Amino acid sequence: MHGEAKFALELAETLPALDRYFNDRYHYPVVVFHSPWFSNPIKCRDSPATNYLDLVNRSTTSTLIFEEVSLDFRPEMKARYGVTGPKSTCTFRKYSLQYYHMCRFFDYLIFHSATLKQFEYVWRMDGNIALAKPLTCDPFLVMRKANAIFGFYRWEYQEPKGCMGPIREWGFAYATSRNFTPAHLDRIGSSERAPRLYLGAWGVFKWSFFASRSFQDFIESVDQKGFVYRYRLGEQ
């Protein structure tokens, strides 16, 4: 099986759970970011779907919006490191280059999406994450009532070795140069046992903040540094 087919089949399994446990009540549109490969025809004769986009669309009662993306390095990074990119210092586990490209998408490219500009809040979920039981509330309504910028489901107290690099120190230096001090983690706790990072894969964003010029300038600087590939930096 082609590797991309796995992602389409995972979506076809997880979207019905999203319908059943959440979206059959709220009917929010679902944006699916996909590679050009999803347009390939399905060769299985038993499948009524014409291609993998059609397969995903047939799996759900939600209204889907498809946006095609092509993942790669920045041109200047490819010119410097070639097609394999820089060696990562992250020793937590061995990740594929496609995984690092995915991290860059959620770090940087997603915040340039033309599709997402129409929404007030965006709930980001990995395609292989499935709800296992009903949500007891509407996350978008909770965020709106609190005028919140970012909603997350879990944090960690320790950073995986070599996987964060100098982003914390660099981030504070970036903030200092622009006359502000990051304090978002202090709102959760300020002791030695306070959270060190949010976990990714599931989060709700207030789009106006993440599309703002100040945030766009920040992620542009992060992307120029190549932190995603050098340290496996995720969007959290």
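Reader: What should helix 8 span at 1.5 Å a residue, and how far apart are its end C-alpha atoms?
Author: Helices here are DSSP runs (H or I, at least four residues), numbered from the N terminus. The expected span is 1.5 Å times one less than the number of residues, so the 13 residues of helix 8 (residues 213–225) should cover 18 Å. This is a predicted model, where local features need pLDDT of at least 70, side-chain atom pairs count only at pLDDT 80 or more, and totals for chains, interfaces and linings use all residues. The end C-alpha atoms agree with that span, sitting 19 Å apart.

Reader: Which residue follows helix 8 with a positive phi?
Author: Numbering runs from 1 along each chain as its sequence is written, and side-chain values use heavy atoms, with hydrogens and water left out. Just after helix 8, phi is positive, near 70°, and the residue is G226.

Reader: Is R104 buried or exposed?
Author: R104 belongs to helix 4 (residues 97–107). Buried means under 20% relative accessible area, exposed over 50%, partly exposed in between (1.4 Å probe, protein chains only). R104 comes in at 7%, so call it buried.

Reader: Which residue of helix 8 listed as buried is also in contact with R104?
Author: Contact means heavy atoms within 4.5 Å. Leaving aside neighbours within four places in sequence, R104's contacts include D72, Y229 and D223. Among the buried residues of helix 8 are F215, I219 and D223. The name found in both is D223.

Reader: How exposed is N57?
Author: N57 lies in helix 2 (residues 52–58) and touches L64 and F66, not counting residues up to four places away in sequence. It's partly exposed, because its relative accessible area is 37%.

Technical notes
Helices (H or I, at least four residues) and strands (E, at least two) are DSSP runs, numbered from the N terminus.
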